[in-house]
Amino acid sequence: MSEKKEKTGIDLNNLKAGGFIKERGKDLFTVRLRVPGGRMSPGRLKKIAEVAEKFGGAFVHLSVRQSIELININFKDFDAVVAELGEGNQKVASCGARVRVPTACGGCEYNPNGLVDTQKSALEVDEKLFGTPTGHHKFKVGFAGCPFDCPKSATNDVGFQGAIWPALSLDECISCGLCIKSCTEGAIVAGDDGKPVFVSENCTWCGDCVKVCPTEAWKVEKKGYTVRIGGKWGRHPLIGTLYAEFLPEERVVDFIAEVLAWYKEKAEGLGRIRIGDIIHREGTESLLSRLRAKFPENVVATTIPPVVVPTQVGIKTR
């Protein structure tokens, strides 16, 4: 008599939404961990290693979005894995049509280029918006602390990049020339009197002039996030485009929530579709006007749709 197969009653779609991803092997899953901003304590890392050795395969995987994935986890061990990870304050991430774990660079705590506290922003978004269902597709958020943009923020559905707008107090300037030498963009040049002249249209908002000035003649007039919306990678990549400037750090969650609300509304009935593709359908003014109502001081007057990156083979869709 043949042995009856054990019924698990597991809904694989719900498992994936909860961070449990089916592998090729029978009964085996990848468990994606929640690591907002890519930062964790050595204690958490040790606990993850213990759980991986006890329940997983021969290795763990470091994902491109700053997560750790446990490989070859048997579904029968899910409860034990989650419980033991919890002992080290480590949670499981999510997949599917939800707000994903935000990524971030080191920010301004120790990185000399950092202008804003990206880690604080990532943790706040993770706490308040992580796992929020979109109803349509994944929704990724990324934070870069400066214009070097190491996390490639513009490839996210909403990407934030630290920015500083400098202002010069000529009375405090000693004409040392350090700001001119430090500006690689030609945004500061020497005037006829030897004093620096600010060429604002060349400025990339990096704040280097403020950092090198020995007399603090260069000051921070505005600071916050440059915000780009509509980015994604995959089969049909898009680069997000500019929607807001110098958004205060404390308004990041509210801004994302408003973008999400617009996305859910405009994507209704369209199935699996990313926000960048919705912007191409609706045009930029629809989202700009929605955001302008709540963030009038920061939203730009005009922008362009997400930029198509023609990297793929096959039929051109745009």
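**Exercise 1. The five-stranded sheet**

Task: In this predicted model, find the open sheet of five strands and work out in which order the strands lie and which of them stand at the edges.

Solution.
Step 1. Go across the sheet from one side to the other: the order reads 5-6-7-10-12. The sheet is open, and its pairing is mixed.

Step 2. Now look at the two ends of that order. Strand 5 (103-104) and strand 12 (241-247) each have a single partner strand, so one side of each has no neighbour in the sheet.

Step 3. Take a closer look at strand 12. Its partner is strand 10 (residues 218-229), and the two are paired in the antiparallel sense over four bridges. To place the pair on your screen, pick out Y225, which stands opposite L247 in strand 12, and then I229, whose bridge partner in strand 12 is T241.

Step 4. Add what lies over this edge. Helix 9 (residues 284-292) lies across strand 10 and strand 12, and runs at about 15 degrees to strand 12.

Step 5. Finish with burial, where a residue counts as buried at under 20% relative accessible area. Five of the seven residues in strand 12 are buried, which leaves the strand mostly covered.

**Exercise 2. The four-stranded sheet**

Task: Describe the open sheet of four strands, and then say which helices lie on it and at what angles to strand 4.

Solution.
Step 1. The order here is 1-2-4-3, with antiparallel pairing. Strand 1 (20-22) and strand 3 (60-62) are the edge strands; each has a single partner, so one side of each is left without a neighbour in the sheet. On average, neighbouring strands are turned by 30 degrees against each other, direction ignored.

Step 2. Follow strand 4 (residues 68-74) towards strand 3: three bridges join these antiparallel strands. H61 has E69 as its bridge partner in strand 4, and V60 stands opposite L70.

Step 3. Now turn to strand 2 (28-32). Four bridges join strand 2 to strand 4, again in antiparallel fashion. R32 stands opposite E69, so E69 has H61 across from it in one pairing and R32 in the other.

Step 4. Place the helices. Helix 2 (residues 42-55) lies across strand 3 and strand 4, at about 25 degrees to strand 4. Helix 3 (residues 78-87) packs on the sheet and touches strand 1, strand 2 and strand 4, with its direction at about 145 degrees to that of strand 4.

Step 5. Check how covered strand 4 is: five of its seven residues are buried, so mostly.

**Exercise 3. A residue in the turn**

Task: Where is Q66, is it buried or exposed, and which residues does it touch?

Solution.
Step 1. Q66 sits in the loop between strand 3 and strand 4. These two strands form a hairpin with five residues between them, and Q66 in the turn has a positive phi of about 65 degrees.

Step 2. Its relative accessible area is 30%, so Q66 falls between the two choices and is partly exposed.

Step 3. Leaving out residues up to four places away in sequence, Q66 touches V35, G37, G38, T103 and A104. T103 and A104 take you back to Exercise 1, because strand 5 covers 103-104.

Step 4. One distance adds to this picture: the C-alpha atoms of Q66 and V101 are separated by 9.0 Å, and the two residues are 35 apart along the chain.

**Exercise 4. The cavity**

Task: How many cavities of 30 Å³ or more does the structure hold, and what lines the largest cavity?

Solution.
Step 1. There is one such cavity. The space in the largest cavity comes to about 110 Å³.

Step 2. Its lining has 14 residues, and those nearest the centre are C183, A187, C203, C206 and C209.

Step 3. Sort the lining by class: eight residues are nonpolar, four are polar and two are charged.

**Exercise 5. The whole chain**

Task: Step back and ask how many helices and strands the chain has, and what share of its residues is buried.

Solution.
Step 1. The count is nine helices and 13 strands.

Step 2. Of the 318 residues, 46% are buried.

Step 3. For overall dimensions, the C-alpha trace spans about 100 × 45 × 40 Å along its principal axes.

Step 4. Finally, take the contacts between residues at least 6 apart in sequence: 67% of them join residues at least 24 apart.

Definitions and conventions
Residues numbered from 1 in each chain as written. Predicted model: local features only at pLDDT ≥ 70, side-chain atom pairs only at ≥ 80, totals over all residues. Heavy atoms only, no water. Pairing = 2+ DSSP bridges. Axes fitted to C-alpha atoms, helices over the stretch in contact; angles between N-to-C directions. Contact = heavy atoms within 4.5 Å. 1 Å grid on protein atoms, 1.4 Å probe; cavity = no way out; pocket = protein on both sides within 12 Å on 5 of 7 lines; lining within 4 Å. Points joined across faces, edges and corners; volume = space filled by probe spheres on them. Nonpolar A, V, L, I, M, F, W, Y, C, P; charged D, E, K, R; others polar. Buried < 20%, exposed > 50% of the residue type's maximum accessible area, 1.4 Å probe, protein only.
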